Amino acid sequence: MIKKAVIPAAGLGTRFLPATKATPKEMLPVVDKPAIQYVVEEAAAAGLSDVLMVTGRNKRPLEDHFDRNYELESALSRKGDTERLLRVQESSELATMHYVRQGDPKGLGHAVLCAEPHVGDEAFAVLLGDDLIDPRDPLLARMVEIQEREGGSVVALMEVDPGQVHLYGCAAAEATADADVVRITGLVEKPEPADAPSNLAVIGRYVLDPSVFRVLNRTEPGRGGEIQLTDALQELAADEELGGPVHGVVFKGRRYDTGDRGDYLRAIVGLACEREDLGPGFRAWLRRFVAEEMPGA
C-alpha cells in the first residue's frame, strides 16, 4: 500500500509579488485555509499518512502551520471556542509531516530526487502545491488504485486547448479498457503546439515507482536548464523494463492552478460558493454584485 507523499514547495512565488515577499506562496489563503493545507488534506484523504515537504529558504511558516500551537490552543480552550480550536488542531493531525530542503532550485526532477532518502524503495505520490483539486473529485485515490493494480507509474492528465499545450508537459497515449485511463508511450515537456503529440497535458499529480530515482540520478538538465521529471518519465515509458509501464488518469473534474492569479481568485470564489456556512450569503451577494456592478456581463 502506498503511504508516502512528496510535496515540492521550494518555489519563490514570483507571480504573486509583493504578497509573497515575506510569505510563502503556499501559505496564501484560499477562503480560510492556506492553499497547501488543501493539498495535504487530499493526500490524507487518499490514505497517504506520511508527507514529506521539499522546501527552501523562508519556508518556515509551512512547518509552523502543520505543527501544534499550544499557546493559541490554550487561549481558545479557555474561551470555550471549541469550533476554532478544532480547526486549528486539524492541520497538525492530518498526517505525519517531514521536511527537507532542496537547496539549489534545479527543477522538479531534482526536488523529487531530494525525497529519495526518505521514500526509499517504495512507490510514492508527488503532489504539486500549485494544483488544487476539488475535494469532491478524488483524483489521487484513483491514481493510487491504478498504480496498485498495474504497477509502474501513473500521471494525471487533463485535456487542454491545443493552443495551451506549450504551458505543460504533453503525453502521447493509447487507450485502455478503462475509459479514464491511458497507457503513455511518450512525454514532451512544453512542446510547441505543432509538435505536441496530443492535447493531454500533465497536471501536478504523480504516483511513481521508486525506479524513477535511478533514472533521475542520470537525467541531464533539460528545458530551462533544469532536471525535468517529464524526461525521466519519458525514459520509463520508452523502456518498461526500467520500472514498469507509465499510465495516465484523464481527469475531468475541478482543478485550480493557484499559482495563477486569475485561477487563484476563481478557486476562492468556487470553494466559498460551495461552503455551507458561507455559500448562501456569498452567492446572494455575488448575484447582486454582477447584476448591479456589471449589468452587461
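## Strand pairing and nonpolar cores

In strand E10, the residue that serves as bridge partner of glycine 169 is glutamate 189, and this pairing, like everything described here, is read from a predicted model. The bridge belongs to a wider arrangement, in which strand E9, covering residues 169-175, and strand E10, covering residues 181-189, run antiparallel to each other and are paired over seven bridges. The connection from E9 to E10 is a hairpin of five residues. E9 also pairs with E11, again in the antiparallel sense, over two bridges, and here cysteine 170 has alanine 201 of E11 as its bridge partner.

The two pairings of E9 can be set side by side.

| Strands | Sense | Bridges | One bridged pair |
|---|---|---|---|
| E9 and E10 | antiparallel | seven | glycine 169 and glutamate 189 |
| E9 and E11 | antiparallel | two | cysteine 170 and alanine 201 |

Turning to the interior, the largest nonpolar core holds 35 residues, of which Ile7, Ile36, Met53, Leu127, Leu139 and Val207 touch the most other members. Among the elements that each supply at least two residues of this core are strand E1 (4-8), helix H1 (35-45), strand E4 (50-55) and strand E11 (200-208), while helix H7 gives the largest share, namely five residues. In soluble globular proteins, nonpolar side chains tend to be buried together.

Which residues are in contact with isoleucine 7, leaving aside its neighbours within four places in sequence? They are Ile36, Val39, Val40, Val51, Leu52, Met53, Val54, Leu127 and Gly129. Apart from the largest core there lies another core, made of 34 residues, including Leu52, Phe124, Tyr206 and Ile227.

Note on methods:
Residues numbered from 1 in each chain as written. Predicted model: local features only at pLDDT ≥ 70, side-chain atom pairs only at ≥ 80, totals over all residues. Heavy atoms only, no water. Core = buried A, V, L, I, M, F, W, Y, C linked by side-chain atoms within 4.5 Å. Buried < 20%, exposed > 50% of the residue type's maximum accessible area, 1.4 Å probe, protein only. Helix = DSSP H or I, 4+ residues; strand = E, 2+ residues; numbered from the N terminus. Contact = heavy atoms within 4.5 Å. Pairing = 2+ DSSP bridges.
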